[in-house]
Amino acid sequence: MLKIRVINGPNLNLLGTREPQVYGNTTLESIENILRREAGEYGVKIEFFQSNHEGAITDCIHEAANTGCDGLILNPGAYTHYSYAIRDAIAATGIPTVEVHLSNIHSREDFREKSVIAPVCLGQVSGLGAVSYSAALFALVKKLKEARAGGSREG
Ligand code: DQA
């Protein structure tokens, strides 16, 4: 059975009350419950981690790769824009990762436009609120199932 880990970075534990006009009213716990249900429907295992610390997220990526996780859904929070350590952890382990953002990072402040994580990810989902996570899960499961079937089909 495929196993996917969802990692959320700094300040995402505050979802629900954090700048709701930007990030919506849905709590992280609610997002995790939605993903748990969807993962069940896809027939994949899912686990969750949140930390406000770069090193803990780096360790979590290593640990995911070392314990047979097949893929990651990662919202690196502000680390998106400057954490070479997190980028390097994804590149070093080679674990297939989809980057996620609730807000549209391409329509906000200039500093948010750039993701140093995106180049080492399968893709990025940004701007769909909590639905960004569901879209990322759908895409990651599809890609991992195709890879497991040995297919080279695109799309
Ligand atoms: C975010 C966007 C980042 O720029 C910001 O620092 C966050 C949340 C998002 O989900 O929209 O913490 O990753």
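**Around the ligand**

User: Which residues are around the ligand in this model?

Analyst: Happy to walk you through it! This is a predicted model, where local features need pLDDT of at least 70 and side-chain atom pairs count only at pLDDT 80 or more, while totals for chains, interfaces and linings use all residues. Residues are numbered from 1 along each chain as its sequence is written, and side-chain values use heavy atoms, with hydrogens and water left out. A residue is near the ligand if one of its heavy atoms lies within 4 Å of it, and the residues around the ligand are R18, Y23, N75, G77, A78, H81, H101, L102, S103, I105 and R112.

User: How far is the side chain of S103 from an oxygen atom of the ligand?

Analyst: Good one to look at alongside N75 and R112. A polar contact is a pair of N or O atoms within 3.5 Å. A polar side-chain atom of N75 lies 2.8 Å from a ligand oxygen atom, and an N or O atom in the side chain of R112 is also 2.8 Å from a ligand oxygen. For an N or O atom in the side chain of S103, the distance to an oxygen atom of the ligand is 2.6 Å.

User: How do the residues of the shell around the ligand divide into nonpolar, polar and charged?

Analyst: Here Ala, Val, Leu, Ile, Met, Phe, Trp, Tyr, Cys and Pro count as nonpolar, Asp, Glu, Lys and Arg as charged, and the others, Gly among them, as polar. On that basis, the shell around the ligand has 4 nonpolar, 5 polar and 2 charged residues.

Definitions and conventions. A polar contact is a pair of N or O atoms within 3.5 Å; within protein, one must be able to donate a hydrogen and the other to accept it, and residues adjacent in sequence count only if both atoms are side-chain atoms.
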